[in-house]
Amino acid sequence: MEADPGHSPTAKLQKQGKKLSDALRISAYVFSTGLLMFTALVNASSWLMQNITLGNFWQTAWLEFYDYMEGDEWTIFLIGAALVPALAFWGFNGILLVADVTGKPTFITRYRIQLGKNDPVDRKKLWKAIYTALGNQFFVSFPMLVAMFYIMQWWENTFSKELPTFQWFLVELSIFTVVEEILFYYTHRLVHHPVLYKHIHKKHHEWTAPIGVVSIYAHPIEHIVSNTLPVMTGPMIMGSHIVSVSAWFSIALITTSISHCGYHLPLLPSPEFHDFHHLKFNQCYGVLGVLDFLHGTDKMFRQSKAFERHKVLLSLTPLSESIPEPPRKEE
């Protein structure tokens, strides 16, 4: 009896080689396109910052704030790394919570991804999520920020009177994003191991249809390993200025809130990728999706309607209407 040539070692190697080749080709295309776009963005943004924001406006504002704080590095760090990001998080989620609880304004709720879910949200479940999120911020994130403060002091650049250039901030932002993608993807997959999932990550997945505040609704261990360290590591490696740290933390918190919010709103980044993860559990572990593609953990997602909707919405028509889910087959 002859062996099936499709299952021979040579065929398997060829198949794996083709998959690797395709992945490298797509990665090269993505990164080269991203580099061109990034270069154009840097040049355009630099011109705007120089000519429209009156040159040294931000530098002057920073020096005035620094002098007002009398150079107290701990207070400056506390405001920049804790207070400003927290206000950004709760300010953004406060708007979403109004929609979650009241179902209004319809301008937001009509863009719900999982139709019929959280309409309205279970208030008992919501309060539990809010208390947990606040607990994680005060009793987990804050002690980690204390340790981070001393690491950043060692760099002797975090509290410099001279702000980094806008070009350098964009470079740092790119590095922070890559570091977060790598650390979050692998730590996230780690907590999906059956042993860790049962005792740690299952808490976060109580919400199969998430809302914004659920982004930091997690077991304390998960909040340390998977939520906070991936975001903190980039600035600690780079020895970044406190203004860059504050901006990055705020961006990261708002972005993860969008990923969990349950609404695919116009002009905002698509939350379909991570929403699909909460729906299916074993898909879409990362932030950008690059590592999911390389590891094949987005195959089901790519075959779904959610993948077709995974884009920035540039119209007022909800994507749930223009690209609806196929009707369920009758049992």
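A salt bridge is taken here as a side-chain nitrogen of Lys or Arg within 4 Å of a carboxyl oxygen of Asp or Glu. In this predicted model, the side chains of Arg 112 and Asp 119 meet that criterion, with an N to O distance of 3.7 Å. Arg 112 has a relative accessibility of 7% and therefore counts as buried. Asp 119 is also joined to Pro 120 by a cis peptide bond, with omega at about 5°. Pro 120 is placed in the loop between helix 4 and helix 5.

A second cis peptide bond runs from Lys 104 to Pro 105, with omega near 0°. Pro 105 belongs to the loop between helix 3 (73-102) and helix 4 (106-109).

The overall fold is built from 14 helices, with 0 strands. Of the 331 residues of the protein, 41% count as buried. When contacts between residues at least 6 apart in sequence are considered, 72% join residues at least 24 apart. The exposed surface amounts to about 18,900 Å², of which carbon and sulfur atoms supply 66%.

An unreviewed UniProt entry carries the annotation "transmembrane region" for residues 26-48, 74-99, 133-155 and 167-186. In the model, residues 74-99 are 100% helix and 0% strand, and the C-alpha atoms at the two ends of this span are 37 Å apart. Residues 167-186 are likewise 100% helix and 0% strand, with 30 Å between the end C-alpha atoms.

Helix 5 comprises residues 123-155 and includes Trp 127. The relative accessibility of Trp 127 is 46%, so this residue counts as partly exposed. Trp 127 contributes to a nonpolar surface patch of about 640 Å², together with Tyr 131, Leu 134, Phe 138 and Phe 139. Glu 156 is found in the loop between helix 5 and helix 6 (166-191). Its phi is near 60°, a positive value in a residue other than glycine. Glu 156 counts as exposed because its relative accessibility is 75%.

Positive phi also occurs at Cys 284, where the angle is about 60° although the residue is not a glycine. Cys 284 lies in the loop between helix 10 and helix 11 (290-295). With a relative accessible area of 0%, Cys 284 is buried, whereas Glu 156 is exposed.

A search of the whole structure returns 6 salt bridges. One of them pairs the side chains of Arg 309 and Glu 272, at 3.5 Å from N to O. This pair links distant parts of the chain: Glu 272 is in helix 10 (residues 272-280) and Arg 309 in helix 13 (residues 305-309), 37 residues apart. Both residues, Arg 309 and Glu 272, are buried. Glu 325 joins them in a network of salt bridges. Another salt bridge is formed by the side chains of Arg 302 and Asp 298, with an N to O distance of 2.8 Å. The two partners fall into separate accessibility classes: Arg 302 is partly exposed, at 38% relative accessible area, while Asp 298 is buried, at 3%.

Leu 196 is situated in helix 7. With a relative accessible area of 27%, Leu 196 is partly exposed. Apart from neighbours within four places in sequence, Leu 196 is in contact with Leu 190, Val 191 and His 201. The C-alpha atoms of Leu 196 and Glu 222 are 9.6 Å apart in space, and the two residues are 26 residues apart in sequence.

Ser 215 occupies the loop between helix 7 (194-199) and helix 8 (220-238). Although placed in a loop, Ser 215 counts as buried because its relative accessibility is 3%, under the 20% limit used for this class. Its side chain reaches the backbone oxygen of Gly 212 at 2.8 Å. Beyond neighbours within four places in sequence, Ser 215 is in contact with Phe 89, His 204, Asn 227, Thr 256, Ser 257 and His 260. Among these contacts, Phe 89 falls within residues 74-99, one of the spans annotated as "transmembrane region" in the UniProt entry.

Terms used. Residues numbered from 1 in each chain as written. Predicted model: local features only at pLDDT ≥ 70, side-chain atom pairs only at ≥ 80, totals over all residues. Heavy atoms only, no water. UniProt positions renumbered as here; feature names shortened; annotations may be inferred. Helix = DSSP H or I, 4+ residues; strand = E, 2+ residues; numbered from the N terminus. Buried < 20%, exposed > 50% of the residue type's maximum accessible area, 1.4 Å probe, protein only. Polar contact = N/O pair within 3.5 Å; in protein donor to acceptor, adjacent residues only side chain to side chain. Contact = heavy atoms within 4.5 Å. Patch = residues over 30% accessible without salt bridge, like charges linked within 9 Å, V, L, I, M, F, W, Y side chains within 5 Å. Areas by Shrake-Rupley, 256 points an atom, 1.4 Å probe, with all protein chains shown as cover.
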